[in-house]
Amino acid sequence: MFLLFSGIAFSQTTVTLQDQCNCEVLKGTDVSSSGAITPTGADLGDIYVNTNTGTIYFWDGNSWELTASDDQQLTGFTFNDVTNILSLSLEDGGNVNVDLSSLSDVLADSNTTVTSFDIDGTNTNLVITDSDANSYAVALADLAALINTDNQTLNEVLVQGNDAGGSAITNLANPTVAQDAATKAYVDSVSDDDITGASLHGPSNVLTISEGTTDVTVDLS
């Protein structure tokens, strides 16, 4: 029983700052930042605890100041791409290491190559297979939407070149205006170029060729 009560009493023992130094401990919310000058009347070394934030200040003889501060600047940082460790160097010689391994890309480029591509059994997809046996499918409908978009005009084609290369232009409509192209059959059907007569006048050596009501003469002297 004695040991039990002694243990409880020891665990509840508290030590006040007044017991450790010749200073007074104040508390409240009046001091919320360093440089405060109220409450006044404090002695050098007195402690003030802000009960809202738990921040501790001390009286330096003129104002309440933070008990400790660190305004070091970063002087440099390095990254080890093998260990994925980022090292930050501090002004006073310290450093902080940050492990960035969890952010690294776990995918590796194996320099694969395309080994085959073919149409699937339903004729709906183009299937591409790489050297690691991975397959990727592209819908043929998507490809068709990109390919079947040629809506050039005849003028745009002729600008690139107007030589048919020996190919025949077929199913041409009959012309309706002067500059329309015409087929041979159409020209033959409307042309009046049949010779209806020819005569040679002996004394003058003049050959007369008749085409309907039109005569053409040729002097053969």
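Which residue in strand 13 is the bridge partner of Leu207? Keep that one in mind; the tour comes back to it. One thing to know before clicking around: this is a predicted model.

**Start with the whole chain**

Show everything as a cartoon. You have 221 residues on screen, and 10% of them count as buried. The secondary structure comes to five helices and 13 strands. Now think about contacts between residues at least 6 apart in sequence: 9% of these join residues at least 24 apart. If you switch on a surface, the protein chain exposes about 17700 Å², and carbon and sulfur atoms supply 54% of that area.

**Next, select Tyr48, Trp59 and Trp64**

Show these side chains as sticks. Together, Tyr48, Trp59 and Trp64 form one aromatic cluster. A search of the whole structure turns up two aromatic pairs. For Trp59 and Trp64, the ring centres are 5.1 Å apart and the planes sit at 65 degrees, so this pair is edge-to-face. Are these two tryptophans buried or exposed? Both Trp59 and Trp64 are buried.

**Now jump to residues 197-211**

Here you'll find strand 11 (residues 197-201) and strand 12 (residues 206-211), paired in the antiparallel sense over five bridges. To see one of the pairings, pick Ser199: its bridge partner in strand 12 is Thr208. Then follow the backbone around the turn. Strand 11 and strand 12 form a hairpin with four residues between them, and Asn205 in that turn has a positive phi of about 55 degrees.

**Carry on into strand 13**

Extend your selection to strand 13 (214-219). Strand 12 pairs with strand 13 too, in the antiparallel sense and over six bridges. And here is the answer to the opening question: Leu207 has Val218 as its bridge partner in strand 13. What lies between the strands of this hairpin? There are two residues between strand 12 and strand 13, and Gly212 takes a positive phi near 65 degrees in this hairpin.

**Last stop: a patch on the surface**

Keep Val218 selected and add Leu200, Val216 and Leu220. These four make a nonpolar surface patch of about 340 Å². Leu220 is in the segment after strand 13. How exposed is Leu220? Its relative accessible area is 48%, so Leu220 counts as partly exposed. Colour the patch and turn the model around: Val218 is both a member of this patch and the bridge partner of Leu207.

Technical notes. Residues are numbered from 1 along each chain as its sequence is written. This is a predicted model: local features need pLDDT of at least 70, side-chain atom pairs count only at pLDDT 80 or more; totals for chains, interfaces and linings use all residues. Side-chain values use heavy atoms; hydrogens and water are left out. Patches are made of residues with over 30% relative accessible area and no salt bridge: like charges are joined within 9 Å, nonpolar side chains (Val, Leu, Ile, Met, Phe, Trp, Tyr) within 5 Å. Accessible areas come from the Shrake-Rupley method with a 1.4 Å probe; for residues, only the protein chains shown count as cover. A salt bridge is a side-chain nitrogen of Lys or Arg within 4 Å of a carboxyl oxygen of Asp or Glu. Buried means under 20% relative accessible area, exposed over 50%, partly exposed in between (1.4 Å probe, protein chains only). Contact means heavy atoms within 4.5 Å. Rings of Phe, Tyr and Trp (its six-membered ring) pair if their centres lie within 6.5 Å; planes under 30 degrees apart count as stacked, over 60 as edge-to-face and the rest as tilted. Two strands pair if DSSP finds at least two bridges between them.
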